[in-house]
Amino acid sequence: MGQYIAPLRDMQFVLHELLNVESELKQLPAHAEVDADIINQILEEGGKFTSEVLFPLNHSGDREGCHHDKETKTVTTPKGFKEAYEQYIAAGWPALSCDPEFGGQGLPLVVNNSFYEMLNSANQAWTMYPGLSHGAYECIHEHGTEEQKALYLPKLISGEWTGTMCLTEPHCGTDLGLLRSKAEPQEDGTYKITGAKIFISAGEHDMSHNIVHLVLARLPGAPEGSKGISLFIVPKFLPNADGSNGARNPIFCGAIEEKMGIHGNSTCQMNLDGATGWLIGGPHKGLNAMFVFMNAARLGVGMQGLGLTEVAYQNALVYAKDRIQMRSLSGPKALDKPADPIIVHADVRRMLLTAKAYAEGARAFCSYVALQLDKELNHPDEAVRKDCADEVALLTPVVKAFITDNAWTSTSECLQVYGGHGFIAEWGMEQYVRDARINMIYEGTNTVQSLDLLGRKILMDNGAKLRKFGAKVQAFVEANGTNEALAEFVTPLAELGDKVTKLTMEIGMKAFQNPDEVGAAAVPYLRVVGHLVYSYFFAQMAKIALEKQDSGDTFYKAKLATVRFYFARLYPETAMLIRQARSGSANLLSLEADLF
Ligand SMILES: Cc1cc2nc3c(=O)[nH]c(=O)nc-3n(C[C@H](O)[C@H](O)[C@H](O)COP(=O)(O)OP(=O)(O)OC[C@H]3O[C@@H](n4cnc5c(N)ncnc54)[C@H](O)[C@@H]3O)c2cc1C
């Protein structure tokens, strides 16, 4: 069923030639010893594990799905998932970028990030089990008490226990201020939590010994809305002091959802019936603590989009070289065959190159953001840490929404390359399209990401974070503006930078008069910013490729062709998007709801 080969060459290009991670990491005391050889070895091993162990379970996991036993309230994952997870933890993969103080390997996030791309290409549904554990690890690491850290972190890091995030309730997803789950304080300092959560990924399963649920609920007398929400650690089994499993906590899976994709991941309705929980992050500070998890998860969802784009591209490419149909318009190319392989046709190439460009742009972008995160956490200079934190905050909604929207386009184009066979389950392509769809919805819908970008991250600080990123773009433009060979890339980058500045000011002015202008402009605005980011990275990649194109390595020729395709065929949608963003709110809001 298809293939997956980790794109090691392109990963190495991004990490070593574009981002120079080795010299960047040298500035971070925690990672100063990490060199290119170590990184390459890890990625090679990761490539083997994901291709050989996880990828073969992707299609079968989708067909089989998870099973819920109503009597025992247990969930069984698809055949092979549990065994693959045992191999994963035996190899120490969950510990890769975790804190050595609690048993982690302390490697940089930028390495973990590339590994997560592979995991998601090979099997997104499976990857969500350890992916959520990593989010729980980050949240407890940042907000847990010393006791909570000592108890939970080693188990999450070893992979013995997995994690979940329990936010959504039947009546509230986006608007968590409406949530109703209750937490009653007990004399022993614990809380009894009661409520119903829905859509909880990996909420119940058979892969780990215990499940650490991070649950949002309200304390008695809590303020209304999002200011009255607290966060609790609610383990499936109450842990004994030595970390072994104690009594079963009454947090049970009532049902699993029938859904469009990611069938191998259990999406659970979770009922809490006086379950014991421990407060984390302070009373009414739950959303603040949960944001650590949510930000990690948003970057993780971007990686899901990248993973699916890459694997869909790889398979469509193999198919396009093999499938023969019709002749090239400029005359036969495969004279030994009754028809030409479909890769000769211009539009088949457009579809393939769309996915290739979106995968390569996303890889550069995600790796850059992960490196900025490493610097935010570990750089000795506080000013650098602050700048990196600002950049990560600005770019996180773009990673989540731009990459997953593009993954939906890319997987759909790759399905189209297969013609009717793309629609048939046995080829595996329709699974990628179905799996890609959820990434635009959970962790805050892509609309919510665009509101976060334009409203919170840009307009609320008068564009300060955007200006910092813009200064980097400007520096590149100034340094390379007179290089004629680069003009085809630098000119559109510079033009888009100017347009984003003007567009932001225009929307900001309109928003003063009418806040609905933000909601009306946000979605096309985020895509424009996404293209600014991609133009910036593609221009840099083109510069490297031009310098090395005579090296004899055809990789650089392919890179240049991809960059040229990007600027010729994908970037131009910015003109339309800017018109949409400028068109104002009246065309959306003037019609009364009952006249629709
Ligand atoms: C497979 C799956 C797995 C999930 N996993 C988890 C999990 O592990 N943990 C968890 O807690 N949740 C999980 N979720 C829930 C998910 O995060 C929510 O579905 C999502 O946040 C949207 O909430 P909602 O479904 O209630 O939609 P709603 O909030 O009702 O939104 C409906 C529509 O209105 C739009 N909308 C809402 N408010 C605004 C606004 N202010 N401006 C513009 N548009 C707006 C939304 O963008 C959306 O298009 C999962 C969901 C699914 C389907």
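**Exercise 1. Describe the composition of the shell around the ligand in this predicted model.**

Step 1. Sort the shell residues by class: nine are nonpolar, seven are polar and one is charged.

Step 2. Count the residues around the ligand: there are 17. The closest are Thr168, Thr174, Phe199, Ser201 and Thr445.

**Exercise 2. Find the ligand atoms that pair with N or O atoms of Thr174, Phe199 and Ser201.**

Step 1. Set the cut-off: a polar contact is a pair of N or O atoms within 3.5 Å.

Step 2. Take the oxygen side of the ligand. A ligand oxygen atom lies 2.5 Å from a polar side-chain atom of Thr174.

Step 3. Turn to nitrogen. For Phe199 the partner is a backbone N or O atom, 2.7 Å from a nitrogen atom of the ligand. For Ser201 an N or O atom of the side chain is 2.8 Å from a ligand nitrogen atom.

Step 4. Add the cover. On its own the ligand has 960 Å² of accessible area, and the protein covers 63% of this.

**Exercise 3. Assign the shell around the ligand to secondary-structure elements.**

Step 1. List the elements that give two or more residues: strand 3 (161-166), strand 5 (191-201) and helix 12 (446-458).

Step 2. Pick out the largest share: strand 5 supplies it, with three residues.

**Exercise 4. Relate the UniProt domain record to the fold of residues 165-273.**

Step 1. Read the record: an unreviewed UniProt entry lists residues 165-273 as "domain: Acyl-CoA oxidase/dehydrogenase middle".

Step 2. Read the model over that range: the chain is 0% helix and 47% strand.

Step 3. Compare the ends of the range: their C-alpha atoms are 17 Å apart.

Technical notes:
Residues numbered from 1 in each chain as written. Predicted model: local features only at pLDDT ≥ 70, side-chain atom pairs only at ≥ 80, totals over all residues. Heavy atoms only, no water. Near = heavy atom within 4 Å. Polar contact = N/O pair within 3.5 Å; in protein donor to acceptor, adjacent residues only side chain to side chain. Areas by Shrake-Rupley, 256 points an atom, 1.4 Å probe, with all protein chains shown as cover. Helix = DSSP H or I, 4+ residues; strand = E, 2+ residues; numbered from the N terminus. Nonpolar A, V, L, I, M, F, W, Y, C, P; charged D, E, K, R; others polar. UniProt positions renumbered as here; feature names shortened; annotations may be inferred.
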